[in-house]
Amino acid sequence: MAGRFQKEEGGGVSEGAGLRTRSEPAALPCNGLASRRTLLKASAVAAGAALLTACGGDGSSPATTRPRGITVTDQRGKTIVFDKPVTRAVTIPIPAASMLIAIDGSADRLVGMQDASWTAIRDGIMGTMFPVALKVTHDVANEEFAPNVESILALSPDVVVQWGDHGSEIITPLENAGLTVLGLSYGTQADLTAWIRLFAAITGKPDRGRAMLTQINAQLRNVRSVGSAERGTPPKILYFLRYADGLEVAGTDTYNDYYIALVGATNPATGTKAVQGFAAVDVEQVLAWDPDIILLGNFDSALPDDVYRDDVWRAVSAVRARRVYKVPFGGYRWDPPGQESPLMWRWLSDIAFPMQSGTASDLRARIVSSYQFLYRYTPTTSQIDDILWTDVNSGSVHYRELFAG
């Protein structure tokens, strides 16, 4: 996948790390069972109107702007005071760079990032939308997120964004060097909310954060309503974090399990012989689960054809029905929580419950409007095809009918 937006090429995707999982609160029940088509149409109106209202509380720590500075409480529970909005930020958690860019509307405040973040920007559309991000230093931490303190000090950052729950050994050296550290957790919808609020606060853009959360929450309510309105037997959807180099699936307490349930489907890895978090499994276990749909993540180079061509899977329902799909990759991977998660929810909802053959989804239009809001950028037809992996997914049922350009 390297360079697919810059050079319009296909190929494998870059490796990533650092996904964290925690329990996600169960979905709230919705009143009424409106038709799926009505709910889908209503969401577009709701999302637009939502920009005019403030978001409600949903578990993240509040951030306040005071006359003498900006005070935030990070996800470690530590209170941090900034004299003014930060202008030089170093991010170590992989999704943080793209999140900061989306909130700020530019990459100008980003002076350093972890290499896997830079690779995701290079390989996805973010590098095309914000080419300056490709010039940002990306040697600030190793694959285990241990910071390169000397490199970070040379960048004179106002803040270093670091994992707050991966042990003190990756934070203490930074703080001992006199650096201000914002500690984060990751893996749930509440964590996503907290990131948006924190990043919006430290960049001096709380209104931008509220607008983003209002839009996300409106779409979350709509997708949840659509999922609760589905009738009949829900499809079993199995997500592979890894496939090419050993099978690893998403079980309980993962964001993937969260959005599978959100759209009204089920995750067989949380049923009989359930697995916790991301877990290695063998072929026999997957055969026993017999998923109706298989999702291939963007932390692995596997494509649907790799599954279809392997005779070991020929008896699996998802293979027989040709319902194996590569998860989209936009401003960041759609697999974990991020600013484009509402697009992932809509994509998965359409995959799980495809409309009548020949009736296209409105996802492409949603991508355009979301990118205009998030990045002030209008993607081309070709770029949307790349985001959706249209070519590699074209051999799977319903894909072209649903997402044709």
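Buried means under 20% relative accessible area, exposed means over 50%, and partly exposed lies in between (1.4 Å probe, protein chains only). Val-161 fits the buried class because its relative accessible area is 2%.

**The model**

This is a predicted model: local features need pLDDT of at least 70, side-chain atom pairs count only at pLDDT 80 or more, and totals for chains, interfaces and linings use all residues. Residues are numbered from 1 along each chain as its sequence is written, and side-chain values use heavy atoms, with hydrogens and water left out.

**The chain as a whole**

The chain has 405 residues, and 57% of them are buried. It holds 18 helices and 12 strands. These are DSSP runs, numbered from the N terminus: helices (H or I) have at least four residues and strands (E) at least two. Contact means heavy atoms within 4.5 Å. Among contacts with a separation of 6 or more, 70% join residues 24 or more positions apart. The accessible surface is about 16000 Å², and carbon and sulfur atoms supply 51% of that. Such areas come from the Shrake-Rupley method with a 1.4 Å probe; for residues, only the protein chains shown count as cover.

**The four-stranded sheet**

One open sheet has four strands in the order E5-E4-E6-E7, with parallel pairing. Its edge strands are E5 (110-113) and E7 (181-184), each pairing on one side only. The twist averages 20° from one strand to the next. Two strands pair if DSSP finds at least two bridges between them. E6 and E7 have four bridges, in the parallel sense. Trp-163 stands opposite Leu-184 of E7.

Helix H8 (residues 189-202) packs on this sheet and touches E6 and E7. The direction of H8 makes about 165° with that of E7. Such angles run from 0 to 180 degrees between N-to-C directions, with axes as lines fitted to C-alpha atoms, for helices over the stretch in contact.

Val-161 lies in strand E6. Leaving aside neighbours within four places in sequence, Val-161 contacts Val-90, Thr-91, Ile-92, Pro-93, Ala-96, Leu-182, Leu-184 and Phe-199. Phe-199 is 38 residues away along the chain, yet the C-alpha atoms of Val-161 and Phe-199 are separated by 9.7 Å.

**The five-stranded sheet**

A second open sheet has five strands in the order E10-E9-E8-E11-E12, with mixed pairing. Strands E10 (278-280) and E12 (324-326) are the edges, and each pairs on one side only. Here the twist averages 30° from one strand to the next. Strand E9 (residues 248-250) pairs with E10 in the antiparallel sense over three bridges. Glu-248 has Ala-280 in E10 as its bridge partner. Helix H14 (residues 341-352) lies across E8 (237-242), E11 (293-296) and E12. H14 runs at about 150° to E11.

**Helix H9**

How far apart are the end C-alpha atoms of helix H9? They are 35 Å apart. The expected span is 1.5 Å times one less than the number of residues. For the 24 residues of H9 (residues 206-229) that gives 34 Å, so the two values agree. H9 is also mostly covered, with 19 of its 24 residues buried.

**Two buried polar residues**

Ser-396 is in the loop between helix H17 (390-393) and helix H18 (399-403). It counts as buried because its relative accessibility is 4%. Its side chain makes a polar contact of 2.7 Å with the side chain of Tyr-308. A polar contact is a pair of N or O atoms within 3.5 Å; within protein, one must be able to donate a hydrogen and the other to accept it, and residues adjacent in sequence count only if both atoms are side-chain atoms. Not counting residues up to four places away, Ser-396 also touches other residues, including Pro-304, Arg-322, Val-324 and Tyr-325.

Asp-123 belongs to helix H4 (residues 115-123). Asp-123 is buried, at 2% relative accessible area. A polar contact of 2.8 Å joins its side chain to that of Arg-122.

**Positive phi in two loops**

Most residues other than glycine have a negative phi. Ser-156 and Asp-290 have positive values.

| Residue | Phi | Loop between | Relative accessible area |
|---|---|---|---|
| Ser-156 | about 50° | H6 (149-154) and E6 (159-163) | 47%, partly exposed |
| Asp-290 | near 45° | H11 (283-289) and E11 | 22%, partly exposed |
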